[in-house]
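Me: I am new to this structure and should like to learn how to read its sheet and its cores. Where should one begin?

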Amino acid sequence: MIYLSEHIWDFNLSEALMEISAQRREQALKFKHEQGQRLCVLAYQLLKKGLREEYGITDNPILEYNEHGKPSIVGHPEIFFNLSHCKEAVACAISNQPIGIDVESIREFKDSLVNYTMNEDEVREIENSENPASAFIRLWTMKEATMKLTGTGISNDMKSVIDATKYKYTTIDRQRYIYTVCENL
């Protein structure tokens, strides 16, 4: 199930910080700016909502992380989830199978980043697009969601990450941002 929110500024941050786990509160307060704190809290709130609705779990989940930073829920190895946020939205994906999600604001990009992260076909796709910024972000979210699903973190070879023979991609364009969910086929 996918949970998405654009309501980053629509809650009382002080109250929300008291309703989440001490672990997540500490993570949120490491952000210098309020927006980062709000994104961190809202992502956790979406996870809590999903766990309550889908699994009946009402306790604040405690998270653990693999060596590449992929999170899991302590005591619930059967539940897979992933969180992502950008300045416009926060996304949470929850499943009984490995899952990855990435949400990114549509913005201009540097050619050097395209050349470093995209293969020849993807570069052509961006160049031939009516909206190159959207095309780049769509491909970028596909790559990020794949790496988040596999739990490997940013790969040295991002050019070969997208693989439609192994993964199912669902990409949604919301005009200001794009998100992609990646699941195993």
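Reply: One begins with a definition: two strands count as paired if DSSP finds at least two bridges between them. In this predicted model, β1 and β5 run antiparallel and are joined by four bridges.

Me: Which residue stands opposite Ile-2 in β5?

Reply: Strands of a sheet pair through backbone hydrogen bonds, in either a parallel or an antiparallel manner. Here, Ala-93 of β5 is the residue opposite Ile-2.

Me: What is the order of the strands in the open sheet?

Reply: The three strands follow the order β1-β5-β4, and their pairing is antiparallel. β1 (2-5) and β4 are the edge strands, each pairing on one side only. From one strand to the next, the twist averages 10°.

Me: Which strands does α3 touch as it packs on the sheet?

Reply: α3 touches β1, β4 and β5, and its direction makes about 30° with that of β5.

Me: How should one read a nonpolar core, and how many residues has the largest one?

Reply: In soluble globular proteins, nonpolar side chains tend to be buried together. The largest nonpolar core here has 26 residues, and those with the most contacts inside it include Val-41, Phe-81 and Cys-92. At least two of its residues come from each of α1 (13-18), α3 (34-55), β4 (80-85) and β5 (90-95). α3 gives the most, with nine residues.

Me: With which residues is Cys-92 in contact, leaving aside its neighbours within four places in sequence?

Reply: Among them are Met-1, Ile-2 and Tyr-3, as well as Leu-46 and Leu-47. A second, separate core has 19 residues, including Val-114, Ala-135, Leu-149 and Ile-178.

Terms used. Residues numbered from 1 in each chain as written. Predicted model: local features only at pLDDT ≥ 70, side-chain atom pairs only at ≥ 80, totals over all residues. Heavy atoms only, no water. Core = buried A, V, L, I, M, F, W, Y, C linked by side-chain atoms within 4.5 Å. Buried < 20%, exposed > 50% of the residue type's maximum accessible area, 1.4 Å probe, protein only. Contact = heavy atoms within 4.5 Å. Axes fitted to C-alpha atoms, helices over the stretch in contact; angles between N-to-C directions.
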